[in-house]
Amino acid sequence: MTCSSRRLAQFFPLSTAFFLLLVFFAPRVCAQKPDPELLAYIRTIRAIDNHSHPPALAINGQPDDEYDALPCAPLEPTDAPMTSRPENPQFLAAWKALYGYEYSDMSAAHVRELLAAKEQVKKEQGDNYPNWVLDHLGIEVELANREAMGPGLRPPRFRWVPFDDALLFPLNNSALASETPDRKFFFDREELLLQRYMRKLGVAKLPATLDEYLSQVVTATLEDQKNNGAVAVKFEAAYLRALDFEPADAPVAAQAYADYIHGGIPAKATYTTLQNYIFHHIAEEAGRLGMPVHFHTGFGCGGYFKMAGADPLLLESALDETSLRGTKFVLLHGGAGPFSKSVAALLVKPNVYTDFSEQTWLLPTRELSKNIRYWLEWFPEKVMFGTDLSPGTPEIDWEEIGWQTAESGREALAIALTGMIDDNEITRARAREIARMVLRGNALKLYGWPDR
Ligand SMILES: [Zn+2]
């Protein structure tokens, strides 16, 4: 029996014929609504946002450009997924909730008023504006995945997650960069980032041996990131190569580094072995330093993004390495798109976690709720809230995207848990517990932060 017919049957004495008719038609009307009391409770929980790209405040009118190591804006344009298009009514609701927007349309004149109201709040709040936004999104702590932190983004509300992909690619990248137009742009960015890391360490040129590179550049960068407040490190490697970081032979990797560090283009397989070896070093060191390793999994931006290479199952051998069991891995975006179910199975590994960031702006709320429910039915201790908010247009910027994603995330969680209560999988009390775990408790445990 479906949910609506069962509920109705409880309340109305129905003739058999009418009841059968109702059951027949019920699937069309059986869309699970969130339990109002549970949703109200969920709205009171101050969340930890496991993944986001908030912009720093502009300096002298210059907008921040460090919110992502591999920003999508300069790529060949592609259509936005439906949920993130301006016509999503959630954005109108965001304007009302954040800036007191009084209209139910998006006319040019009304939007001008909105932009003026937004400017006014920015002026009034000054340096506190990003905190003000978080307050309105119900987010206590936001993990900010950025090249560096910037004005207005300060702990304890904003915690840094730097990128470490650049460390994987110390050799000549021209062959890899020529694989797609997007990769050309992305590898240029990674090379600049590696130079930036080396400048920060005072290392003038790449060392001659792999051992020296690992100690003087790789470990030194990780320690520097940790000393500058990093709480985790992030790989968006799926934009640059497939995620199959297989164990690599040390002498082969050392030879590849020595052969090509002074020039020449390595064969793809040779370079991959070196990248894999460097990755294992980074993952081990991140574990030693207590920084979980975040991985982009699933759907990525750009018309050339290789979806098959972003399958989280490709990470399995890395996740299974005994030497990396001291490192915690977070499969960001829950394998958004085709891989959500695979992620649920990977959560059985003791050091693997996931979040539903990105799915919050990729999927409508109901679809999102199905993935969340599936994961919760496997391992509720491993699932975390996340927005993946990032800068947008002046009208629909990180604040509105943050509101839309946080709202969808909360409502989807409420729908998932309501369904689990209705199907007698959990009690109402356990649903509240799980809601709290997903919105903050699981993240607090993962990062070792006290619950206040
Ligand atoms: Zn992201």
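**Exercise 1. Find which residues Ile372 touches, leaving out residues up to four places away in sequence.**

Solution. Start with the contact rule: two residues are in contact if their C-beta atoms, placed from the backbone, lie within 7 Å. With residues up to four places away in sequence left out, Ile372 touches Phe356, Val383, Ala412, Leu413 and Ala416. Next, place Ile372 in the core. A nonpolar core is a set of buried Ala, Val, Leu, Ile, Met, Phe, Trp, Tyr and Cys residues joined through C-beta atoms within 7 Å. Buried means 20 or more other C-beta atoms within 10 Å of the residue's own; exposed means 12 or fewer; partly exposed lies in between; the C-beta atoms are placed from the backbone. The largest such core holds 117 residues, and Ile372 is listed with Phe295, Leu413 and Val438 as having the most contacts inside it. Helix α16 (residues 398-422) gives the largest share of this core, 10 residues.

The model is predicted: local features need pLDDT of at least 70, side-chain atom pairs count only at pLDDT 80 or more, and totals for chains, interfaces and linings use all residues. Residues are numbered from 1 along each chain as its sequence is written.

**Exercise 2. State the strand order of the open sheet formed by 5 strands, and explain why β4 and β8 each have one side without a neighbour.**

Solution. Fix the terms. Helices (H or I, at least four residues) and strands (E, at least two) are DSSP runs, numbered from the N terminus. Two strands pair if DSSP finds at least two bridges between them. The order is β4-β5-β6-β7-β8, with parallel pairing. β4 (233-235) and β8 (383-384) stand at the edges with a single partner strand each, so one side of each has no neighbour in the sheet. Now check the pairs. β4 runs parallel to β5 (residues 293-298), joined by 3 bridges. Here Phe235 stands opposite Phe295. β6 (residues 329-336) and β7 pair over 3 bridges, with Val330 partnered by Tyr353. β7 and β8 pair over 2 bridges, and Thr354 faces Val383 as its opposite residue.

**Exercise 3. Which residues lie on each side of β7 (residues 352-355), and are they buried or exposed?**

Solution. In a regular strand, side chains alternate between the two faces of the sheet. In β7, Val352 and Thr354 take one side, Tyr353 and Asp355 the other. All are buried, covering both faces. Then trace the link from β6: together with helix α13 (residues 340-346) and β7, β6 makes a right-handed β-α-β unit. Right-handed means that, with the strands pointing away from the viewer, the path from the first strand over the helix to the second runs clockwise.

**Exercise 4. What is the phi of Glu358 and of Asp388, and how many C-beta neighbours does each have?**

Solution. Take Glu358, in the loop between β7 and α14 (359-362). Its phi is near 75°, positive in a residue other than glycine. Glu358 has 26 other C-beta atoms within 10 Å, so it is buried. Turn to Asp388, in the loop between β8 and α16. Its phi is about 60°, again positive in a non-glycine residue. Asp388 has 25 C-beta neighbours inside 10 Å and therefore counts as buried.

**Exercise 5. Where is the cis peptide bond from Pro155 to Pro156, and what is its omega?**

Solution. Pro156 sits in the loop between β2 and β3. Omega of the bond is near 5°.
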